[in-house]
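Student: I'd like a close look at one part of this structure, taken slowly. Could you pick up the stretch I ask about and tie it to the rest of the chain?

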Amino acid sequence: ALSATVSLQIQKSDGSVVQIEFQGRSQTVHGSRNKETQRGTVLYDRSMSLPVSIHETWSETSLDSGDDRPASVDLKLLKD
């Protein structure tokens, strides 16, 4: 089982494109005890109903060992 919370905030709008900032936390309830934090930015085109680009950074921490594994990803729509 997983417990999660996410916060979304619209930062700015330029025509049909909206910039959305997000951050969240999740933690496993049973099994291996892991905690993950995420934050990122999504540029969303309301006219196409598609994200234009996504940047996300997350870090998973094992609560048992204290091991921290950060990672990130960038995605961009090149052609609709």
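Student: Let's take the loop between β3 and β4. What is found there, and how does the rest of the chain look around that part?

Tutor: Sure. Keep in mind that this is a predicted model. A quick overview helps before zooming in: the protein chain has zero helices and five strands, so to speak a plain β-β-β-β-β run from the N terminus on.

Coming along the chain towards your loop, you first pass a hairpin. Strand β1 (residues 2-14) pairs with strand β2 (residues 17-28) in the antiparallel sense, with 12 bridges between them. If you want a landmark in that pairing, take Gln9, whose bridge partner in β2 is Glu21. Two residues sit between these strands, and in this hairpin Gly15 has a positive phi near 70°. Next, β2 pairs with strand β3 (residues 34-45), again in the antiparallel sense, over 11 bridges. Here a handy landmark is Ser26, with Glu36 as its bridge partner in β3.

That brings us to the loop itself, which leads from β3 to β4 (50-62) and holds Met48. Met48 counts as partly exposed, because its relative accessibility is 31% and the buried class stops at under 20%, while exposed starts at over 50%. Met48 also joins Leu50 and Leu77 in a nonpolar surface patch of about 200 Å².

Ser49 is in this loop too, and its backbone is worth a glance: phi is near 55°, a positive value in a residue that isn't glycine. Why point that out? Because most residues other than glycine have a negative phi.

Past the loop, look at how β5 (residues 68-76) comes in, using Val73, which lies in that strand. Its C-alpha atom is 5.9 Å from that of His55, although 18 residues separate Val73 and His55 along the chain. Leaving out residues up to four places away in sequence, Val73 touches Ile54, His55, Glu56 and Trp58. Even with those contacts, Val73 counts as partly exposed, because its relative accessibility is 27%.

Finally, the whole chain as a backdrop. Buried residues make up 18% of its 80 residues. The accessible surface comes to about 5900 Å², and carbon and sulfur atoms account for 51% of that. As for contacts between residues at least 6 apart in sequence, 31% of them join residues at least 24 apart.

Terms used: Residues are numbered from 1 along each chain as its sequence is written. This is a predicted model: local features need pLDDT of at least 70, side-chain atom pairs count only at pLDDT 80 or more; totals for chains, interfaces and linings use all residues. Side-chain values use heavy atoms; hydrogens and water are left out. Two strands pair if DSSP finds at least two bridges between them. Helices (H or I, at least four residues) and strands (E, at least two) are DSSP runs, numbered from the N terminus. Patches are made of residues with over 30% relative accessible area and no salt bridge: like charges are joined within 9 Å, nonpolar side chains (Val, Leu, Ile, Met, Phe, Trp, Tyr) within 5 Å. Accessible areas come from the Shrake-Rupley method with a 1.4 Å probe; for residues, only the protein chains shown count as cover. A salt bridge is a side-chain nitrogen of Lys or Arg within 4 Å of a carboxyl oxygen of Asp or Glu. Buried means under 20% relative accessible area, exposed over 50%, partly exposed in between (1.4 Å probe, protein chains only). Contact means heavy atoms within 4.5 Å.
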